[in-house]
Amino acid sequence: MEEAVRLTAIAKAAGCAAKMSPSVLDRVLKRLPHTHDPNLIVGFETSDDAGVYRLTDELALVQTVDFFTPIVDDAFAFGQVAAANALSDVYAMGGRPMTSLAIVAFPASRPAELLEQVLRGGLAKMDEAGCTVAGGHSIRDEELKFGYAVTGLIHPGKVWRNVGARPGDALVLTKALGTGVISTALKNGRSEAPWVEAATASMTRLNHEAAEALEETSAAAPGERAVHAVTDVTGFGLLGHAREMAIASGVSMRIEHERIAYLPGAIEAARGGSASGGLANNREFLEGCVGFAETVAEEFRALLFDPQTSGGLLAAIAPEARGRTMAAMERRGIPARVIGEVTSKRSPLIEIE
């Protein structure tokens, strides 16, 4: 059944590349009124990964929702990726996922067994996270879409945000880049099996262990705030999410492209022109605030704009905590890299060397 239906072939855009253009979203959100609720600790004003609502002085809810079109052909794997991607927002805030609700749009012309495999994949990953699927909602749609609304718990005083990066901080990225160009190559029949296998393994890996490593970093220095800012890298690409962190924190960033890890086949796919519409949207929105050194080749520029699905965490770490952060990542087998540093605010906002 799964061999007969190539999921990426029936999707107009794959995974987080299906996100709305950041320029459109940015323009619309700026016009909306802000909610003045003293218990809303984190809303949409700073483009954080999830909302946080205080219940008591000791307890708050972390809430997020994420769904998208198929990014892999295997239905079970697609369900896993969608679940891991939705859970990532809670981990990026420092929260613990508790419950989730499935969101399904499914074509009436497709076999029910296909939907079952997608749901099974999502359940498997939610079970791994210790997150209970409490229900969901489904509609008929010509294009398959799947994801979750996830609710987690956190102490109100221990929330990670994309606000707070400071000059001198090390920028740590916990996963390799390239899921967008590889999924586009897959959709167009130009990928290689090892590329897809590596990308799928990355996208189905939870960010739970990376968040644990950051928590360990914080616990090792009582009284200090070693983890200054955190976000996860998804549809707006590394540069899009770095921009959000830089603007929210009032700083700039310097990134060394050669220090970033790239998935097997990512450079080849980018070099071969496997760019999604989402990549083009990100580039159009971001190019004005990014400065590239002349030595940065076009394929690497594309990869920094590339929409990621279930990407890694991007964290701004106090320089004195850099060593213990990387040691905590290594103990968990996380392919984290220090990819640059936070600088005082200047122009361009983000420099790529």
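How many of the ten residues of S6 are buried? Seven of them are buried, so strand S6 is largely enclosed by the rest of the structure. This report concerns a predicted model, and the description starts from that strand.

**Strand S6 and its partners**

Strand S6 covers residues 145-154. Strand S3 (residues 60-68) pairs with S6 in the antiparallel sense, over nine bridges. In this pairing Phe68 stands opposite Phe146. Strand S4 (residues 96-106) also runs antiparallel to S6, and nine bridges join the two. Here Thr99 is the residue that stands opposite Thr151 of S6.

**Aromatic pairs**

A pair of aromatic rings is described by the distance of the centres and the angle of the planes. The model has five aromatic pairs. In one of them, the rings of Phe78 and Phe146 have centres 6.3 Å apart and planes at 65°; because an angle over 60 degrees counts as edge-to-face, this pair is edge-to-face. The contact links distant parts of the chain: Phe78 lies in helix H2 (residues 75-92) and Phe146 in strand S6, with these positions 68 residues apart in the numbering. Phe78 has 0% relative accessibility and therefore counts as buried. Phe146, also at 0% relative accessibility, counts as buried too.

Phe146 takes part in a further pair, with Tyr148: the ring centres are 5.1 Å apart and the planes stand at 70°, so this pair is edge-to-face as well. Both Phe146 and Tyr148 are buried. Ring pairs join Phe68, Phe78, Phe146 and Tyr148 into a cluster. Phe146 thus belongs to the ring cluster and also stands opposite Phe68 in the strand pairing.

**Internal cavities**

Rolling a probe the size of a water molecule over the atoms shows where empty space is left. Two cavities of 30 Å³ or more are found in the model. Their volumes and the classes of their lining residues are set out below.

| Cavity | Volume | Lining residues by class |
|---|---|---|
| Largest | about 50 Å³ | four nonpolar, two polar, two charged |
| Second largest | about 40 Å³ | seven nonpolar, three polar, no charged |

The largest cavity is lined by Thr174, Lys175, Arg205, Leu206, Asn207, Ala210, Ile334 and Pro335. Two of the residues in this lining are charged; with Lys and Arg counted as charged, these are Lys175 and Arg205.

The second largest cavity has a lining made up of Ile71, Val72, Thr179, Ile182, Ser183, Leu186, Val196, Ala199, Thr200 and Met203. Helix H4 (179-187) and helix H5 (193-203) each supply at least two residues of this lining. No charged residue occurs in the lining of the second largest cavity, where seven residues are nonpolar and three are polar.

**Cysteines**

How many disulfides does the model contain? The count is zero; a disulfide would require a pair of cysteine sulfur atoms within 2.5 Å. Two cysteines may be described by their accessibility. Cys131 has a relative accessible area of 2% and is buried. Cys289, with a relative accessible area of 15%, is also buried, because the cut-off for that class is under 20%.

**Summary**

In this predicted model, strand S6 pairs in the antiparallel sense with S3 and with S4. Residues Phe146 and Tyr148 are buried and belong to a cluster of rings with Phe68 and Phe78. The two cavities have volumes of about 50 Å³ for the largest and about 40 Å³ for the second largest.

Key
Residues numbered from 1 in each chain as written. Predicted model: local features only at pLDDT ≥ 70, side-chain atom pairs only at ≥ 80, totals over all residues. Heavy atoms only, no water. Phe/Tyr/Trp six-rings, centres within 6.5 Å; stacked < 30°, edge-to-face > 60°. Helix = DSSP H or I, 4+ residues; strand = E, 2+ residues; numbered from the N terminus. Buried < 20%, exposed > 50% of the residue type's maximum accessible area, 1.4 Å probe, protein only. 1 Å grid on protein atoms, 1.4 Å probe; cavity = no way out; pocket = protein on both sides within 12 Å on 5 of 7 lines; lining within 4 Å. Points joined across faces, edges and corners; volume = space filled by probe spheres on them. Pairing = 2+ DSSP bridges.
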